[in-house]
Amino acid sequence: MITKIVEVKGLYKSYLQAGHGRLDVIQNVNFEIGKSQTVAITGQSGSGKTTLMALLAGLDTPDAGEILIDGQNLNFMNEDALAKFRAKNIGIIFQQFHLMPHLVAEENVSLPLEILKAKDIKDRTDLALKEVGLESRKSHLPSQLSGGECQRVAIARAIVVKPAILLADEPTGNLDTKTGEQVANLLFDLVANSAMTLIVVTHNMELANRCDRAFKLDAGQLVEL
Ligand SMILES: Nc1ncnc2c1ncn2[C@@H]1O[C@H](COP(=O)(O)OP(=O)(O)O)[C@@H](O)[C@H]1O
Ligand SMILES: [Mg+2]
């Protein structure tokens, strides 16, 4: 019996667009993901992949439906509880890295631990930087790092709290083919060597094929491939 880490039931999300009426992006999406599974979400640009990730991360609220992460219903959490829950349980990686430009690599990586007022911040930060192979770059600013290195810093920041779930929204979309492959390999190695569940949005079918399961978002519906 696989333990469920994500349960999504009857999820709906629309946007009101000035002059264009209502855009129904997510329409009755239902799925479950087991602990430690790797899952790809594909779909055309504008199909709602980032919207779905934002809902899963609790960064946005659905119009209807429920999201349970590790059995906990996001609907029942207020802003504070949600922020804490997210910091502890969900690592997020973006296409554009979203690093703090004025902080060096190790300061970017330690941020989630600072927010959680965790213990052993220095040791855990060093370990995460080592896991992504960037010990020697820890005092560099993002502007002094390559795109691949920036994404590795972002990955270290996402895994430093040992989250149950890693959400990656087109993590290789901003990298050249070779660097993208290296970053994808790193991501899959990290997930394989931990109990983390990976949900990755990607246009790259090679990356999608490496996942245990793949879904396509199309016209508001999520279909398993
Ligand atoms: N905050 C918003 N307000 C209005 N429309 C939005 C907003 N966010 C996204 N959209 C629209 O919702 C659709 C899905 O967007 P998105 O989730 O970013 O798709 P994807 O990540 O698959 O490219 C797009 O048509 C986009 O323009
Ligand atoms: Mg997107």
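Strand E1 (4-17) and strand E4 (residues 64-69) run antiparallel to each other and are joined by 5 bridges. Two strands count as paired here if DSSP finds at least two bridges between them, and strands (E, at least two residues) and helices (H or I, at least four) are DSSP runs numbered from the N terminus. One of the bridges links Tyr 12 to Ala 64 in E4.

Before going further, a word on the model: it is predicted, so local features are given only at pLDDT of at least 70 and side-chain atom pairs only at pLDDT 80 or more, while totals for chains, interfaces and linings use all residues. Residues are numbered from 1 along each chain as its sequence is written, with chains lettered from A and ligands numbered from 1 in the order in which they are written.

**The antiparallel sheet**

E4 also pairs with strand E5 (residues 72-73), again in the antiparallel sense, over 2 bridges. Here Leu 68 has Asn 73 in E5 as its bridge partner, and Ile 69 stands opposite Gln 72. The hairpin of E4 and E5 has 2 residues between its strands, and Asp 70 takes a positive phi near 50 degrees there. Taken together, 4 strands make an open sheet in the order E2-E1-E4-E5, with antiparallel pairing. E2 and E5 are its edge strands, each pairing on one side only. Helix H1 packs on this sheet and touches E1, E2 and E4; its direction makes about 125 degrees with that of E1. Such angles run from 0 to 180 degrees between N-to-C directions, with axes fitted as lines to C-alpha atoms, for helices over the stretch in contact.

**The mixed sheet**

A second open sheet has 6 strands in the order E6-E7-E8-E3-E9-E10, and its pairing is mixed. E6 and strand E10 (221-224) stand at the edges with a single partner strand each, so one side of each has no neighbour in the sheet. From one strand to the next, the twist averages 20 degrees. Within this sheet, strand E3 (residues 38-42) and strand E8 (residues 197-201) run parallel and are joined by 4 bridges, with Ala 40 partnered by Val 200 in E8. H1 appears here too: it lies across E3, strand E7 (165-169), E8 and strand E9 (213-218), running at about 155 degrees to E7.

**Around ligand 1**

Which elements each supply at least two residues of the shell around ligand 1? They are strand E1 (4-17), strand E2 (21-34) and helix H1 (49-56). H1 gives the largest share, 3 residues. The residues around the ligand are Tyr 15, Gln 17, Leu 23, Val 25, Gly 43, Ser 45, Gly 46, Ser 47, Gly 48, Lys 49, Thr 50 and Thr 51; a residue belongs here if its C-beta atom, placed from the backbone, lies within 6 Å of the ligand. By class, the shell has 3 nonpolar, 8 polar and 1 charged residues. In this scheme Ala, Val, Leu, Ile, Met, Phe, Trp, Tyr, Cys and Pro are nonpolar, Asp, Glu, Lys and Arg are charged, and the others, Gly among them, are polar.

**Helix H3 and its surroundings**

In helix H3 (residues 105-115), the buried residues are Ala 105, Glu 106, Asn 108, Val 109, Ser 110, Pro 112 and Leu 113. A residue is buried if 20 or more other C-beta atoms lie within 10 Å of its own, exposed if 12 or fewer, and partly exposed in between, with C-beta atoms placed from the backbone. The buried residues of H3 pack against helix H2 (79-89), helix H4 (121-131) and helix H5 (147-159); contact means C-beta atoms, placed from the backbone, within 7 Å.

Most residues other than glycine have a negative phi. Some exceptions around H3 are worth a look:

| Residue | Place | Positive phi |
|---|---|---|
| Phe 97 | loop between E6 (90-94) and H3 | about 65 degrees |
| Lys 117 | just after H3 | about 50 degrees |
| Asp 120 | loop between H3 and H4 | about 50 degrees |

Phe 97 counts as buried because it has 21 C-beta neighbours inside 10 Å, whereas Asp 120 is exposed, with 10 other C-beta atoms within 10 Å.

**The chain as a whole**

The chain has 7 helices and 10 strands. Its radius of gyration is 17 Å, close to the 17 Å that the globule rule gives for 225 residues, so the chain is as compact as a globular protein of that length. The radius is taken over C-alpha atoms, and the rule is 2.2 Å times the number of residues to the power 0.38. Buried residues make up 40% of the 225 residues.

Notes:
Two residues are in contact if their C-beta atoms, placed from the backbone, lie within 7 Å.
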